[in-house]
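Me: I'd like a close look at one part of this protein, and then a walk outward from there to the rest. Could you take me through it in one go?

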Amino acid sequence: MKFRLANIDAPETGSLKQRGGAKCEAEREIGYEAKAFLVEFTRGKEIKIVRDYGEDRYDRLVVDLTANDVDVAKAGIDAGQLLAWPHKKGRALAPKPDWCAR
């Protein structure tokens, strides 16, 4: 299942040449660290979709997710692996975070 966490931005891991990919090599590295964190954080836990916001323009389900009743997005933010990127009705309320400026 393809999904994305609601109101969250994660660093990209795609090629610098790929549309929608990382904007710099540092973002790719941070992206792989974030992915490893999320895989380990959720490994062996009961995953629940707490809220389903429907599909985004890339046909991914936009969700709030828990792992053993712990909010996955909050855990990622607290660990410095994800950043908040608030949206309302599918529209960003702030500019997309710049992972290359970190």
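Does Asp56 count as buried or exposed?

Reply: Happy to take a look with you. Please keep in mind that this is a predicted model. Asp56 counts as buried, because its relative accessibility is 18%, and the cut-off for that label is under 20%.

Asp56 also has a charged partner. Its side chain meets that of Arg60 in a salt bridge, with 2.8 Å from N to O. Arg60 has a relative accessible area of 22%, so this residue is partly exposed. Between these two in the sequence comes Asp59, which sits in the loop between S3 and S4. Asp59 has a positive phi of about 65°, although this residue is not a glycine. With a relative accessible area of 54%, Asp59 is exposed.

A similar backbone feature turns up at Asp69, where phi is positive at about 65° and the residue is again not a glycine. Asp69 belongs to the loop between S4 and strand S5 (70-71), and its relative accessible area of 61% makes it exposed.

Let's follow the chain on either side of the first loop. Strand S3 covers residues 47-55 and includes Ile49. Ile49 is partly exposed at 42% relative accessible area, and together with Met1 and Phe3 it forms a nonpolar patch on the surface, with about 350 Å² of accessible area between them.

Strand S4 takes us to the inside. The largest nonpolar core has eleven residues: Leu5, Ile8, Phe41, Leu61, Val63, Leu65, Ala67, Val72, Ala73, Ala75 and Leu82. Two elements, strand S4 (61-67) and helix H2 (72-78), each give two or more residues to this core, and S4 gives the most, with four. For a single residue to click on, try Ala73: leaving aside residues up to four places away in sequence, Ala73 touches Leu5, Ile8 and Leu82.

Now back to charged pairs. Side chains of opposite charge can pair when their charged atoms come close. The count for this model comes to five salt bridges. One of them joins Asp9 to Lys96, with the closest N and O atoms 2.6 Å apart. Asp9 lies in strand S2 (residues 8-9) and Lys96 in the segment after strand S8 (91-92), so this pair ties together parts that are 87 residues apart in sequence. Asp9 is buried at 2% relative accessibility, while Lys96 is partly exposed at 40%. Another salt bridge links Glu40 and Arg43, with 3.2 Å between the closest N and O atoms. Arg43 counts as exposed, at 53% relative accessibility.

The last stop is a covalent link. A search of the whole structure finds one disulfide, formed by Cys24 and Cys100 with their sulfur atoms 2.2 Å apart. Cys24 is in the loop between S2 and helix H1 (25-42), and Cys100 is in the segment after S8, so the disulfide ties together parts that are 76 residues apart in sequence. The link is left-handed, with -110° about the S-S bond. As for exposure, Cys24 is buried at 19% relative accessibility, whereas Cys100 is partly exposed with a relative accessible area of 30%. The segment after S8 therefore holds both Lys96 and Cys100, which makes it a good place to rotate the view and look again.

Key: Residues numbered from 1 in each chain as written. Predicted model: local features only at pLDDT ≥ 70, side-chain atom pairs only at ≥ 80, totals over all residues. Heavy atoms only, no water. Patch = residues over 30% accessible without salt bridge, like charges linked within 9 Å, V, L, I, M, F, W, Y side chains within 5 Å. Areas by Shrake-Rupley, 256 points an atom, 1.4 Å probe, with all protein chains shown as cover. Salt bridge = Lys/Arg side-chain N within 4 Å of Asp/Glu carboxyl O. Buried < 20%, exposed > 50% of the residue type's maximum accessible area, 1.4 Å probe, protein only. Core = buried A, V, L, I, M, F, W, Y, C linked by side-chain atoms within 4.5 Å. Contact = heavy atoms within 4.5 Å. Disulfide = S-S within 2.5 Å.
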